[in-house]
Amino acid sequence: MEGYWLTHYDAGSAHGDGIAMLHGGELLGGDLEHVWRGSYEEEGPRVFARIRIAPFVSREEEGSMAREQPVILSLEGYCTEEFARLEGHPDQREDVLFHVELRKCRSMGGRVVPHPKAA
């Protein structure tokens, strides 16, 4: 699953699109309103993820805007080289179901490009 992925999620009336980078069991990403950080594991075509979703708040908004609290999601599903579909619930919210679809970004060749200094 390593690489850059375009994401789409639905959770009831909430939905959105973003981008995620998966590398070495770590997931980083976000959309226009949230940042995501978590971990993932693969077992054959099965994938399991645990992700913290936090609202993006600019420095100017910190004191003036009330935003929702971070959410921790546990997801599971399946993946191929080009596509993944996962679903799950936020911690202690079995009544809220998240559906997440990921499609591998082709423009990056689906690979993480290491920083020149890391080589």
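**How the strands close up, and what holds the labels**

Author: Let's start with one pairing: Gly88 has Phe98 in E8 as its bridge partner. This is a predicted model, with pLDDT of at least 70 needed for local features and 80 or more for side-chain atom pairs, while totals for chains, interfaces and linings use all residues. Residues count from 1 along each chain as its sequence is written, and side-chain values use heavy atoms, without hydrogens or water.

Reader: What makes E7 and E8 a pair?

Author: Two strands pair if DSSP finds at least two bridges between them. E7 and E8 have six bridges, in the antiparallel sense, so they pass that cut-off.

Reader: And what makes E6 and E7 partners?

Author: Same test. Strand E6 (residues 71-79) and strand E7 (residues 83-90) run antiparallel and are joined by seven bridges, which clears the minimum of at least two. Gly77 is one residue to look at: Leu86 in E7 is its bridge partner. Three residues lie between E6 and E7, and the two strands form a hairpin.

Reader: How do you know what the elements of this chain are?

Author: They're DSSP runs numbered from the N terminus: helices are H or I over at least four residues, strands are E over at least two. By that rule the chain has zero helices and eight strands, so the order reads β-β-β-β-β-β-β-β.

Reader: Why is the sheet called closed?

Author: The eight strands run E1-E2-E3-E4-E5-E6-E7-E8 as a closed barrel with antiparallel pairing. On average, neighbouring strands are turned by 30 degrees against each other, direction ignored (axes are lines fitted to C-alpha atoms, for helices over the stretch in contact, with angles from 0 to 180 degrees between N-to-C directions). Now check E1 against E8: strand E1 (residues 3-11) and strand E8 (residues 98-104) pair antiparallel over six bridges. At least two are required, so E1 and E8 count as paired. Within that pairing, Asp10 stands opposite His99 in E8.

Reader: Where does Tyr4 sit, and what makes it partly exposed?

Author: Tyr4 is in strand E1. Buried means under 20% relative accessible area, exposed over 50%, and partly exposed in between (1.4 Å probe, protein chains only). Tyr4 has 23%, so it lands in the middle class. Its C-alpha atom is 9.4 Å from that of Leu102, although the two residues are 98 apart along the chain.

Reader: What makes a set of residues a nonpolar core here, and which members touch the most others?

Author: The members must be buried Ala, Val, Leu, Ile, Met, Phe, Trp, Tyr or Cys, joined through side-chain atoms within 4.5 Å. The largest such core has 21 residues, and Met1 and Leu75 touch the most other members. E5 gives the largest share, four residues. Leu75 has contacts (heavy atoms within 4.5 Å) that include Val47, Phe48, Ile51, Leu86, Phe98 and Val100, leaving out residues up to four places away in sequence. As a general point, nonpolar side chains in soluble globular proteins tend to be buried together. For the whole chain of 119 residues, 33% are buried.

Reader: Why is Glu26 with Arg37 called a salt bridge?

Author: The rule asks for a side-chain nitrogen of Lys or Arg within 4 Å of a carboxyl oxygen of Asp or Glu. The closest N and O atoms of Glu26 and Arg37 are 2.8 Å apart, so the pair qualifies. Glu26 lies in strand E3 (residues 26-30) and Arg37 in strand E4, so the pair ties together parts 11 residues apart in sequence. Glu26 is partly exposed at 30%, whereas Arg37, at 53%, is exposed.

Reader: What makes Arg50 and Asp91 qualify?

Author: Their N to O distance is 2.8 Å, which is within 4 Å. Arg50 is in strand E5 and Asp91 in the loop between E7 and E8, 41 residues apart. Both fall between the cut-offs, so both are partly exposed: Arg50 has 38% and Asp91 36%.

Reader: And how do you know that Arg85 and Glu101 form one?

Author: Their closest N and O atoms are 3.1 Å apart, again within 4 Å. Arg85 is in strand E7 and Glu101 in strand E8, 16 residues apart. Arg85 is partly exposed at 40%, and Glu101 is partly exposed at 26%. By this rule the count of salt bridges comes to five.
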